[in-house]
Amino acid sequence: MATDQEKKNNLPNFFLSIKLKYVKLGYHYLISNALYLLLLPLLFIVLTHLSTLTVDDFFKLWNELRFNFGTLLLCLVSLVFTSTVYLMSRPRKVYLVNFACYKPDNPSQMCSRKLFMQIASKTGIFSEETLSFHKKILERSGMGNMSYVPKAMLDNPADKKNIAEARKETEAVIIGAIDELLDKTGVKPRDIGILVVNSSLFNPTPSLSAIVVNHYKLRGNILSYNLGGMGCSAGLISIDLAKQLLQLQPNSYALVVSTENITMNWYAGNDRSMLLTNCLFRLGGAAILLSNRSSDRRCSKYELVHTLRTHKGGDDRSYNCVSQQEDESKRIGVKISKDLMAVAGEALKTNITRLGPLVLPMSEQLLFTATLVARKIFKMKIKPYIPDFKLAFEHFCIHAGGRAVLDEVEKHLKLNEWVMEPSRMTLYRFGNTSSSCLWYELAYFEAKGRIRKGDKTWQIAFGSGFKCNSAVWRALKTINPAHEKNPWMDEIDNFPVNVPKVTPIDF
């Protein structure tokens, strides 16, 4: 047994006292700044050599260049030509001038979970087992009691399921969001050159984009697109499409509108796989104004850095996991397969594998590559390395499709509660508003005053097909909440709230 004196002489095990997160952080800074560290010796050598030159040496160099004027001129012309070609061929920068999220003025459109159960029971369509299933989903959904529904749903959704009521809902959302956006930006409707509207399940004739053109009397040569059937990820697909069109149309504005219709897509049957949409989807929409005008940079909020789309439709399981179809009673609904979480995980994995090299610091890329080589080439039995995307992004907007979706993304990307807060609070306050929910989440960040100049935000969306899409934005300014108008501003001090895993409904 060691004596007291020996114990005093023994040095502590410093390795055990070092927190690995600080070691990793130090490694990250070392690799990220490796280029600068390597350039320092080279710069020192160059400066040392220059210090040995005399005035006569500089005169000799000037005389050499003067007698080789033709060569010098050719070099200058080549430099100017190369610079011109580069400037003309590089992609146009795309700026997000501003965005607006729809929030009904009428508080009576709020639908608590208890009220939802009362409405479902009053229809007389659902069996006791189906009502119990509704209740079970809502209690575990992560949703609160303040989400919004269309006016038609507050009466009898089955009776009001018609095109007239659906148009009223969608027009109210689209026009409400665009009106607020135009008021924020001061842009005139006739200045808009590109219009992209997405709604997955409601696509009437004339189209929703035609409704916008007619209401705002947009110009006749506008490039107008209407995207349908592309699920909750269609919002980022619309952003990507607008970005591509802005590369071809100089000095243009692009208006993107994302929404989904609830009235026409209420499922009035008892197939459990089709009931999730009734419980989770709520009223909402967003309008986004993009610009490629260099003069708009100073008044814009964000610059679009990357868009990346992943489509797993070539796989039958992925293709069939979310589909609109008829049940045995010929009632139309959206069927969600039990494979959804597994399919979403695979799509996310593919998407971040392609996105990683574009956004991750070199330190994370080296660790990922080393782990991959060890597993695939040397057959070492080690866990795959999950890159720390928190080193690449300050903020995350993750599609609030439901608690299960958020839990899976949190687990796969090893995110913490603070990072997940905007997504969970959006689900709690507004429910799943489909393709527009990412913008409610970004509005949450702005209302909390968390957006600083230079911050990067990663938006991730999932949709039927099956698709996983990403967009990366860089903040061009620090957002002052006092100057903002968004759906959170009058109640942001009430958030975040604790959302239990199960919240019982007194029904």
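Which residues point one way from β5, and which the other way? Select strand β5 (residues 285-291) to find out. G285, A287, L289 and S291 point one way, while A286, I288 and L290 point the other way, and all are buried (under 20% relative accessible area with a 1.4 Å probe and protein chains only; exposed is over 50%, partly exposed in between). In a regular strand, side chains alternate between the two faces of the sheet.

Before moving on, note that this is a predicted model, in which local features need pLDDT of at least 70, side-chain atom pairs count only at pLDDT 80 or more, and totals for chains, interfaces and linings use all residues. Residues are numbered from 1 along each chain as its sequence is written, and side-chain values use heavy atoms, leaving out hydrogens and water.

**Stop 1: around β5**

Keep β5 selected: 7 of its 7 residues are buried, so the strand is largely enclosed by the rest of the structure. Strands (E, at least two residues) and helices (H or I, at least four) are DSSP runs, numbered from the N terminus. Now add β1 (residues 95-101), which pairs with β5 in the antiparallel sense over 6 bridges; two strands pair if DSSP finds at least two bridges between them. Look for Y95, which stands opposite S291 in β5. Next add β4 (residues 253-259), antiparallel to β5 and paired with it over 7 bridges. Here S258 stands opposite A286.

**Stop 2: salt bridges**

A search of the whole structure finds 20 salt bridges (a side-chain nitrogen of Lys or Arg within 4 Å of a carboxyl oxygen of Asp or Glu). Start with R429 and E491, whose side chains meet in a salt bridge at 2.6 Å, N to O. R429 lies in helix α18 (residues 417-430) and E491 in the segment after β11 (467-475), so the pair ties together parts 62 residues apart in sequence. R429 is buried, with a relative accessible area of 1%, and E491 also counts as buried, at 11%. Extend the selection to K103 and D490: together with R429 and E491 they are linked in a network of salt bridges.

Now go to helix α17 (residues 403-413), where E408 and K411 are 3 residues apart, about one helical turn. Their side chains form a salt bridge at 3.6 Å, N to O. E408 counts as partly exposed at 23% relative accessibility, whereas K411 is exposed at 54%.

Finish at D388 and K390, a salt bridge with its closest N and O atoms 3.2 Å apart. D388 is buried at 16% relative accessibility, and K390 is partly exposed at 30%.
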